[in-house]
Amino acid sequence: MCGIVGITSNKQVISPIINSLRKLEYRGYDSAGIATLNQGFINEVKCEGRVNALEKNLLKSKLEGTVGIGHVRWATHGAPSTINAHPHSSEKVSVVHNGIIENSTILKKFLIKKGHKFKSQTDTEVIVHLITEYLKKNDLKKTIIKVLKKLHGSFALGIIFKDYPDMIVGARRGSPLAVGYGPNENYLGSDSYALKTMTNKISYLNDGEFCILKNNSVEFFNDIGNKINKKILELSENNENYDKGDFKHFMAKEIEEQPVTIKNCVKEYVDKINNDINIFNFPWKVNEISSIVLIGCGTAFHSCLMAKYWFENFTTLDVSVDIASEFRYRKNKFKKDALYVFVSQSGETADTYASLDLCNKNKMKTCSIVNVVESSIARDSKFVLPIHCGPEIGVASTKAFLGQMLVLYILSLKISFMRKDIDKETYVNKIKSLFTLSDLIKKTLETDSKTQLVCNSFVDIKGSMFLGRGYSYPIALEGALKLKELSYVHAEGYPAGEMKHGPLALIEEGMPVVVIAPRDEYYTKTISNMQEVIARGAKVLLITNKSKDEIYSENIWEYIEVENTTDDLLPFLITIPLQKLAYYSALKKGYDIDKPRNLAKSVTVE
Ligand code: F6R
């Protein structure tokens with residue numbers, strides 16, 4: 001989703017802005033642009049498409065400047081085009097924006113009446129004209145305070161001004177914004193990752209705050225313009241490898257990394273010597289919790305759904321699961337003895353953040369499971385459990401899904417043992433199994449050639465279904481989501497037992513259906529449901545685990561067998577061929593695997 005960069009320096013800023021925009025490319029975008037202030041004039045260069053195209057345009061235009069703002073845009077108001085790309089500028093100001101201005105139509109009418117002329121279809125352009133209008137009668141600080149008050153919705157903003165030559169203003173409501181500190185220069189960025197090549201000293205704006213950056217100073221203000229102090233955080237120097245290496249796509253790399261990321265995460269949380277789970281500084285007594293609410297979006301929601309099965313099986317807690325975009329607007333009955341768990345790879349998803357914020361405002365116990373530990377969700381949760389899987393660049397979540405599931409599994413075990421819901425022997429046995437998981441994932445990755453073969457049947461199809469029961473139901477949803485988002489094929493995940501209640505009507509001769517039936521307690525039931533779809537012409541790809549027992553079923557088109565492990569760990573293995581199926585189907589179609597159309601990695605608007 002949209003990404004912002006701003007640099008004020010005593011040196012030229014085009015090339016570092018381009019480098020930072022490249023760091024934001026992973027978020028998914030459709031156009032890009034830069035504006036600078038040079039010799040008293042604001043100039044902008046924009047284009048539809050990628051940062052590479054922007055760089056070519058910049059060479060032609062010879063844009064220069066020591067103060068500048070850059071942007072990658074994910075279209076919300078107005079189609080992806082050069083005219084709608086950010087920055088948007090008047091003679092006096094230039095603005096980059098991440099978020100949505102909900103009252104832009106009303107503000108536009110007001111501004112048109114005042115004589116302002118609009119060039120784009122964006123909501124952002126109203127901010128440009130509003131600032132220009134208010135600057136006529138107010139100084140800069142008053143203008144910013146008044147304009148921010150007028151805006152409804154969410155935003156992170158970067159603004160430069162013709163009459164304030166070395167200055168960038170940043171402002172935040174809802175959408176994240178970071179400030180970085182450098183020698184004779186300071187930076188603004190949508191996230192610290194964008195600024196990491198320039199600095200490891202970062203502060204974050206909170207909702208309602210704005211900042212004024214000059215090349216030798218940084219000031220922060222609250223919504224009424226009172227100066228506030230900010231902590232400067234030092235980001236850890238990690239040498240994580242952000243390159244694709246020999247892989248064609250980040251997604252392929254991230255799938256193959258899973259044995260390592262799972263091993264690292266187990267190491268972080270599990271004490272091998274004492275066969276215990278280390279969750280230090282858990283801020284609540286376990287008997288203060290009698291229910292758990294798991295909240296996320298997309299793939300993260302699927303890991304929450306998976307965790308419901310584990311929590312229900314291992315503990316006596318009441319467990320509910322919610323999609324963040326629904327939770328945040330429902331009339332929730334907040335309960336003091338509930339633990340609210342927010343799951344998010346990026347830690348910046350707008351709906352998940354808003355749900356967390358709502359729980360914090362209602363003084364609830366909030367815990368987050370995130371990959372990006374410097375994110376807004378991590379910072380604002382009372383307790384954080386990182387998934388330790390390193391940067392995930394491919395838009396489609398893979399290793400983060402396994403990481404989220406692992407941390408949720410570990411949390412469910414620890415809580416169940418602390419509550420005495422499971423005995424020591426069961427606890428220790430489950431912990432021991434965790435140490436085998438990384439190798440089992442590694443072996444399961446060897447199903448690769450079979451997946452490459454079967455994917456041909458998922459390329460040119462009208463649609464597909466993914467069916468599973470129990471632990472396999474959330475995985476069916478995830479498998480369908482991966483296929484649809486990467487290869488743009490309609491795919492539905494369904495509980496296998498629900499087919500008779502409507503979806504069976506969709507089954508046609510030759511339709512590929514993925515049936516997930518590991519030899520767990522649901523196996524025979526799922527196999528019966530599989531027969532029902534085969535009888536109606538479906539071409540079934542069965543995903544199960546290795547076993548000495550034969551599969552008692554005829555007319556299965558193809559099957560993939562993952563390694564064998566305990567029922568509750570099988571979902572980790574079953575996920576692997578589903579990730580690969582989506583990957584290879586998209587590869588066959590020549591699609592942009594790391595940046596699927598219309599999607600963004602960090603969903604910072606609701
Ligand atoms: C799908 C996918 C998305 C994300 C969702 C939430 O592959 O990646 O569905 O899971 O946008 O994102 P996070 O986890 O960053 O909150």
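**Notebook: the ligand site and two backbone oddities**

I started with the ligand in this predicted model, and found a backbone N or O atom of S397 lying 2.9 Å from an oxygen atom of the ligand. Next I looked up how much of the ligand is covered: taken alone it exposes 410 Å², and the protein buries 89% of that.

I then checked which elements line the site. Those giving two or more residues to the shell around the ligand are α9 (298–314) and α16 (472–487). On the pocket list, I found the ligand in the second largest pocket.

I went through more polar contacts. A polar side-chain atom of S344 is 2.6 Å from an oxygen atom of the ligand. For T299, a polar backbone atom is 3.1 Å from an oxygen atom of the ligand.

Who comes nearest? I counted 15 residues around the ligand, and S344, Q345, S346, T349 and E485 come nearest among them. Sorted by class, the shell holds 6 nonpolar, 7 polar and 2 charged residues.

I also asked where the ligand lies with respect to the domains. Both domain 2 (251–422) and domain 3 (446–590) give residues to the shell, so the ligand lies between them.

Last, I turned to the backbone. Most residues other than glycine have a negative phi, and most peptide bonds are trans, and I noted two spots to set against that. The peptide bond from H86 to P87 is cis, with omega near 0°; I placed P87 in the loop between β4 (67–73) and β5 (88–89). N275 is not a glycine, yet has a positive phi of about 45°, and I found N275 in the loop between β16 (270–271) and β17 (276–277).

Key
Residues numbered from 1 in each chain as written. Predicted model: local features only at pLDDT ≥ 70, side-chain atom pairs only at ≥ 80, totals over all residues. Heavy atoms only, no water. Near = heavy atom within 4 Å. Polar contact = N/O pair within 3.5 Å; in protein donor to acceptor, adjacent residues only side chain to side chain. Areas by Shrake-Rupley, 256 points an atom, 1.4 Å probe, with all protein chains shown as cover. 1 Å grid on protein atoms, 1.4 Å probe; cavity = no way out; pocket = protein on both sides within 12 Å on 5 of 7 lines; lining within 4 Å. Sits in = over half its atoms within 2 Å of the grid points. Helix = DSSP H or I, 4+ residues; strand = E, 2+ residues; numbered from the N terminus. Nonpolar A, V, L, I, M, F, W, Y, C, P; charged D, E, K, R; others polar. Domains from an automatic or database assignment.
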